[in-house]
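Please open the structure in your viewer and keep the selection panel at hand. This tour goes from one selection to the next and says what is to be found at each stop.

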Amino acid sequence: MRPTSFPYYATAAVSGLLFGAGLYVSQMVNPLKVLHFLDFGAIPAGGWDPSLAFVMGGALVVMFVAVRIGRRRAAPLFDRKFHEPAFTRIDVPLVAGAVLFGIGWGMSGICPGPAISLIAFEPSHLWLYLVALLVGSYAGGVLMRRRGRTREAVPAPAE
Amino acid sequence: MDAFAPIPALIGGGLIGLASAILWLGNGRIAGISGVFGQLLLPRRPALWRILFLVTLVAGTWAAAMLVPGLGIGGPGGQPAQLVSAPAWTAIPTPVWLVAAGLLTGAGTAIGNGCTSGHGVCGLARLSPRSLVAVAVFFGVAILTVAVTRIV
């Protein structure tokens, strides 16, 4: 099926709705809740909040099953192929990018998903953060393309 | 206020997993928010589904807060949503702090090809060694950052 069909867009919309609902129900939209997970120094004193691990665990179990189901199919329901990430190497950009992201995440308690979903509640300075996120993402993308790498540049090897 | 509540965390996580599963099995796309957001700027990428996903992401958060109020921040009766303030000892104005955090997160997720959702949920579920390394690094660095900045 062509990736421009009504079911294709409906799938994207249903997925977005559920993702947003999940971020609210789990309260990962609350930067303090995320920071109280990342604050391992609070473990001895008993002020540590393990919620984030439960959120990741719950999400992983469901997605793990979906990946297994997908491996038995040639294509997803509404597109011609699974868009597997093209890169499989563990290289310097992967680690350096994760370091930069880790600093930004630890400074703010928000990662891209919660940051965008927080538009629903309009905390002050959010737009400032989102513009910076977009500019940073653009700059990072330009840097990577200068290195001669583009997303999905090579076909993904069969796993 | 934001006490540990395992059941909402598991249910919320399950919803995020279900959202990722639907996008993968329906459209063959990774629900990686940094990728969906960042690639909006690339003109030759299919944009409509990405815009639709991001708009409904916000709508889903809002609707859930209306339907199930009082889980924490957001919605009627919920606490007002707030971003962090810069730690006082740094003497950095909060807007500058947040812009720095946004730039680092944007650049880092573009260079490392993913964030908590793309590498964390989808990548780990695919048993991708790349994602495992990314997740270990960004969790480790974020934990260190919180320890060093003493932001909470």
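The stops below begin with one whole chain, go on to the contact between chains, and end with single helices.

Before you select anything, bear in mind that this is a predicted model.

**Chain A as a whole.** Select chain A and show it as a cartoon, and you will find six helices and zero strands, so that the pattern read along the sequence is α-α-α-α-α-α. If you reduce the view to the C-alpha trace, chain A spans about 50 × 35 × 30 Å along its principal axes. Of the 159 residues in chain A, 50% are buried. When contacts in chain A between residues at least 6 apart in sequence are considered, 59% of them join residues at least 24 apart.

**The contact between the chains.** Next, show chain B beside chain A, and look at the contact, which takes 103 residues from chain B and 106 residues from chain A. On the side of chain B that touches chain A, the elements that give two or more residues are α1 (6-27), α2 (33-38), α3 (48-67), α4, α5 and α6 (129-149) of chain B. Which of these elements gives the most to that side? Select α1(B), which gives the most, with 21 residues. If you colour this side of chain B by class, you will see 69 nonpolar, 30 polar and four charged residues.

**A pair of helices from the two chains.** Now select helix α3 (residues 51-71) of chain A together with helix α5 (residues 116-125) of chain B, whose axes come within 8 Å and cross at roughly 40°. Angles from 35 to 65 degrees fall in the range counted as oblique, and α3(A) and α5(B) are therefore oblique to each other. The crossing in which α3(A) passes α5(B) is right-handed. To see the contact itself, show the side chains of A:M56, A:A59, A:L60, A:M63, A:F64 and A:V67 on α3(A), and then B:G120, B:V121, B:C122, B:L124 and B:A125 on α5(B). Sorted by class, this contact has 10 nonpolar residues, one polar residue and no charged residues.

**Helix α4 of chain B.** For the last stop, select residues 94-111 of chain B, which form helix α4, with 18 residues and a reach of 25 Å from the first C-alpha to the last, close to the 26 Å expected at 1.5 Å a residue. Is α4(B) mostly covered or mostly exposed? The helix α4(B) is mostly covered, since 13 of its 18 residues are buried. Finally, move just past α4(B) to B:N113, where the backbone takes a positive phi of about 60°.

Methods:
Residues numbered from 1 in each chain as written. Chains lettered and ligands numbered in written order. Predicted model: local features only at pLDDT ≥ 70, side-chain atom pairs only at ≥ 80, totals over all residues. Helix = DSSP H or I, 4+ residues; strand = E, 2+ residues; numbered from the N terminus. Expected span 1.5 Å × (residues − 1). Buried ≥ 20, exposed ≤ 12 C-beta atoms within 10 Å, placed from the backbone. Axes fitted to C-alpha atoms, helices over the stretch in contact; angles between N-to-C directions. Parallel < 35°, antiparallel > 145°, perpendicular 65-115°, else oblique. Left-handed = near helix turned anticlockwise from the far one by under 90°. Contact = placed C-beta atoms within 7 Å. Nonpolar A, V, L, I, M, F, W, Y, C, P; charged D, E, K, R; others polar.
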